[in-house]
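Let's walk through this one together, starting at the DNA and ending with a pair of helices. Keep the 3D view open as you read.

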Protein chains: 2
Amino acid sequence: MKVNRRTQAERTAATRAALVAAGRTLFGNHGYAAVGTQSIVTEADVTRGALYHQFKDKQGLFAAVYDQVEQDITAEIATQVAEIGASDPLGALKAGSRVFLERATDPAVHQITLVDAPAVLGWSEWRARGEEFGFALIEGILQAAIAAGQIADQPVRPIAHVAIGALDESALYVAAAEDKAAATAEVLTVLDRIIDSFTI
Amino acid sequence: MKVNRRTQAERTAATRAALVAAGRTLFGNHGYAAVGTQSIVTEADVTRGALYHQFKDKQGLFAAVYDQVEQDITAEIATQVAEIGASDPLGALKAGSRVFLERATDPAVHQITLVDAPAVLGWSEWRARGEEFGFALIEGILQAAIAAGQIADQPVRPIAHVAIGALDESALYVAAAEDKAAATAEVLTVLDRIIDSFTI
DNA sequence: AGAACTTACGAACACTCTGTATGAAAGTTA
DNA sequence: TAACTTTCATACAGAGTGTTCGTAAGTTCT
């Protein structure tokens with residue numbers, strides 16, 4: 001009986017997971033351009049051969065890392081939003097903003113999702129992938145708010161974009177502030193006020 | 001008498017201008033990472049030696065390009081804003097937003113100032129340079145609005161950040177839309193509404 | 001179980017690109 | 001015009017990406 005016998009699917013999953021995890025910490029801490037593929041595979045305890053077998057290129061790995069980070073954050077926000085539920089969509093939006101700000105303050109998170117992603121993936125590709133995550137969430141909440149009669153019936157897409165822009169920049173602002181708590185309070189005041197302004 | 005005798009200051013100004021101009025078109029059209037220094041100096045009709053004499057490195061050239069683009073846009077917006085003047089600061093803010101959206105729709109402009117700049121310069125450096133341009137403009141307008149009694153006396157810095165974030169993302173949204181006129185109208189509706197929400 | 005086949009990986013190579021070093025040319029100062 | 005500084009051209013070294021090719025591990029078929 002061989003000890004280390006693993007199925008191909010298991011091997012693939014293991015190396016991909018190791019590479020994505022290594023990429024996440026390294027890209028997050030140093031930025032995409034400053035991290036060489038060699039350091040990634042060293043961290044992941046594999047070789048460059050494995051990387052280029054599992055991913056098309058360095059960008060391909062980065063895309064996988066980005067998806068994973070977005071997945072994590074979106075899931076966390078979604079559960080928070082779900083607790084408030086459909087009863088008060090705009091309240092849920094405020095709560096979701098708070099969670100987003102907390103998570104996106106993590107340097108690794110904002111370096112990957114907000115700073116590097118647009119440049120590495122290209123803006124349209126970045127946004128296309130974002131549709132799947134944060135965008136779907138916000139647009140859903142806005143639709144619910146319309147259904148609940150909290151805001152007027154109007155195109156949600158431009159609102160979602162403006163909201164995402166405001167949230168992203170807010171996260172970066174907080175992340176760069178010395179007194180993060182104070183900065184968080186400041187921008188949340190502004191964001192809440194804007195959200196309220198849409199109320200019928 | 002030598003025909004091409006130029007002073008050192010003239011030589012420096014000429015090659016720097018040529019390099020910045022070449023970088024502006026090439027970075028704008030293809031993105032920072034996709035443009036090699038060789039293609040830049042070829043376009044500028046100088047050699048790599050001149051580039052590395054005039055600028056510390058590729059990032060240094062990019063920073064100069066970024067500054068020039070910001071300078072141009074900010075100047076244009078400032079004149080628009082000045083026409084409306086201090087009589088109606090919030091009106092001026094709306095007008096400035098329109099000009100910004102028009103100019104930032106230019107692919108080269110948004111590629112440089114919104115997509116590449118944060119990743120290449122780093123977010124904090126990006127924002128530090130932005131202080132000088134768009135930020136100063138918006139904060140000035142907000143201060144004027146407070147002085148004119150249009151909005152409540154409050155910290156303008158977080159508002160400026162949220163506003164910049166909303167504007168930047170709006171510009172990218174418009175730039176990516178097929179029907180730019182319609183997209184512009186959509187986001188301006190949202191932006192105007194938000195601006196109005198701050199009115200006392 | 002063993003042979004034929006596919007998938008995953010390791011090591012070495014080729015190529016591109018950035019930044020530097022060194023020397024020449026142009027301009028400045030005395 | 002001679003000494004000096006600035007600007008630029010060329011050649012070189014080093015780092016890093018992506019590819020190629022061979023080997024090992026796993027799968028399928030009989």
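For sorting residues, Ala, Val, Leu, Ile, Met, Phe, Trp, Tyr, Cys and Pro count as nonpolar, Asp, Glu, Lys and Arg as charged, and the others, Gly among them, as polar. With that in hand, the surface near DNA strand C divides into three nonpolar, twelve polar and seven charged residues. This is a predicted model, where local features need pLDDT of at least 70 and side-chain atom pairs count only at pLDDT 80 or more, while totals for chains, interfaces and linings use all residues. Residues are numbered from 1 along each chain as its sequence is written, chains are lettered from A and ligands numbered from 1 in the order in which they are written, and side-chain values use heavy atoms, with hydrogens and water left out.

Stay with DNA strand C for a moment. It has 22 residues around it, where near means that a heavy atom of the residue lies within 4 Å. The closest are Thr12(A), Thr15(A), Thr47(A), Arg48(B) and Tyr52(B). Sugar and phosphate make up 74% of the strand C atoms that come within 4 Å of the protein.

Now for some polar contacts (pairs of N or O atoms within 3.5 Å). Arg48(B) puts a polar side-chain atom 2.4 Å from a base nitrogen of DNA strand C. Tyr52(B) has a side-chain N or O atom 2.5 Å from a phosphate oxygen of that strand, and Arg6(B) brings a backbone N or O atom to 3.0 Å from a phosphate oxygen. The elements giving two or more residues to this surface are α1 (8-30) and α3 (48-54) of chain A, plus α1 (8-30) and α3 (48-54) of chain B; helices here are DSSP runs (H or I, at least four residues), numbered from the N terminus.

Over on DNA strand D, which residues come nearest? They are Arg48(A), Tyr52(A), Thr12(B), Thr15(B) and Thr47(B), out of 22 around the strand. Phosphate oxygens of strand D lie 2.7 Å from a side-chain N or O atom of Thr7(A) and 3.1 Å from one of His53(B). Again, α1 and α3 of chain A and α1 and α3 of chain B each give two or more residues.

Lastly, look at helix α7 (residues 123-147) and helix α8 (residues 156-176) of chain A, which pack at about 115 degrees with axes 9 Å apart. Axes are lines fitted to C-alpha atoms over the stretch in contact, and angles run from 0 to 180 degrees between N-to-C directions. Since 65 to 115 degrees counts as roughly perpendicular, α7(A) and α8(A) are therefore roughly perpendicular to each other.

Methods
A polar contact is a pair of N or O atoms within 3.5 Å; within protein, one must be able to donate a hydrogen and the other to accept it, and residues adjacent in sequence count only if both atoms are side-chain atoms. Angles under 35 degrees count as roughly parallel, over 145 as roughly antiparallel, 65 to 115 as roughly perpendicular and the rest as oblique.
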